[in-house]
Every structure is written in C-alpha cells, then in structure tokens.
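This report is written for a reader who has not met this structure before. Please look over the sequence and the model shown here before reading on.

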Amino acid sequence: MHELGIMTGVVDAATKAAHEAGATRLIGVTLRIGEMTEAVEDALNFAFEALTEADDFTKGAALDIIMVRPKSICLECGAEFEHDRFQIFCPSCDSFATELIAGRELQIDSIEVDLPESSGE
C-alpha cells in the first residue's frame, strides 16, 4: 500500500508548512495526484485519516483530492490526447511514439490552517 507512504509525506509537509506559518491547527489539504501514480483515492483518504486522527494539530483535517487524467503528446504528429492508464497509442495516427505530459503529478496545491488571533494594537 504505497498510499500510506504518499500520505505520510503529504501530512509531514503540510504540518511543517502550517507550523512555519504559525498556525494553531491544520484544517485541510488539497492534493493533486495523477492517475498514472496508480494511487487509489479511497486508500489515500483512509491513510490521511489514520495519520491525522492521533494529533490534536491535524485531527479532523479534510483532504480534497484532485485526480489528474493521463495526457500524452504524439511525437509523430503532435496531437495531444487524454487516455487511460493502458491505452497510450495516438488516436490520430496510431503511433506508439508518445510522451506522457500529465498524469504523474503528486503535489500539494494548498493547505488551510487556523492562525492565532492578532492582538490588533
């Protein structure tokens, strides 16, 4: 289950960024992940919940996952096309000379945090 490893890195990075910003609590994380990583969305959610529930700083944080469909470019005719994980032949010229240009992403798009109230002096 590589989803646990992925989410461990995500939670660690989000928590570190939140602490560095002076946050009192992590509220949510938006994650963009490509389908070609073969990560399973339900397993990502399960791992995130398991990793955040034991810590008061992260407990109850929400995870928003944006799954990115694979997209390739044909090196023969230049056509760009979306596809599933298995069919990567160019639909325009049937070439197998294609290059993946989207679908392997793994990035934190944003985090939402609670910040302490300022004294307003």
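The text below describes two helices, how they pack, and one histidine in a loop.

The model is predicted. The two helices are set out in the table.

| Helix | Residues | Number of residues | Expected span | Distance between end C-alpha atoms |
|---|---|---|---|---|
| H1 | 2-20 | 19 residues | 27 Å | 27 Å |
| H2 | 41-52 | 12 residues | 16 Å | 17 Å |

For H1, the expected span at 1.5 Å a residue agrees with the distance between the end C-alpha atoms. The buried residues of H1 are Glu 3, Ile 6, Met 7, Val 10, Val 11, Ala 14, Thr 15 and Ala 18. Viewed down the axis of H1, these buried residues fall within an arc of 155 degrees, so they line one face of the helix. Gly 5, Lys 16 and Glu 20 are exposed on the other side of H1. The cover over the buried residues of H1 includes E1, H2, E2 and strand E6 (106-114). Just after H1 comes Gly 22, with a positive phi of about 80 degrees.

In H2, too, the distance between the end C-alpha atoms agrees with the expected span. Ala 43, Leu 44, Ala 47, Phe 48 and Thr 52 are the buried residues here. They fall within an arc of 155 degrees when H2 is seen down its axis, so they line one face of the helix. Asp 42, Phe 46 and Glu 49, on the other side of H2, are exposed. Helix H1, strand E1 (25-34) and strand E2 (62-68) are among the elements that cover the buried residues of H2.

How do the two helices meet? Two packed helices are described by the angle between their axes and the distance between the axes. The angle between H1 and H2 is about 50 degrees, and their axes are 9 Å apart. This angle makes H1 oblique to H2. Their crossing is right-handed. On the H1 side, the residues that meet H2 are Glu 3, Leu 4, Ile 6, Met 7, Thr 8 and Val 11. On the H2 side, they are Ala 43, Leu 44, Ala 47, Phe 48, Leu 51 and Thr 52.

The last item is His 83, in the loop between strand E4 (80-82) and strand E5 (98-102). Is His 83 buried or exposed? Its relative accessibility is 5%, so His 83 counts as buried, the cut-off being under 20%. Leaving aside residues up to four places away in sequence, His 83 touches Arg 69, Pro 70, Lys 71, Ser 72, Ile 88 and Leu 100.

Terms used
Residues are numbered from 1 along each chain as its sequence is written. This is a predicted model: local features need pLDDT of at least 70, side-chain atom pairs count only at pLDDT 80 or more; totals for chains, interfaces and linings use all residues. Side-chain values use heavy atoms; hydrogens and water are left out. Helices (H or I, at least four residues) and strands (E, at least two) are DSSP runs, numbered from the N terminus. The expected span of a helix is 1.5 Å times one less than its number of residues. Buried means under 20% relative accessible area, exposed over 50%, partly exposed in between (1.4 Å probe, protein chains only). The arc is that of the directions from the helix axis to the C-beta atoms. Contact means heavy atoms within 4.5 Å. Axes are lines fitted to C-alpha atoms, for helices over the stretch in contact, and angles run from 0 to 180 degrees between N-to-C directions. Angles under 35 degrees count as roughly parallel, over 145 as roughly antiparallel, 65 to 115 as roughly perpendicular and the rest as oblique. A crossing is left-handed if the near helix is turned anticlockwise from the far one by less than a right angle, and right-handed if clockwise.
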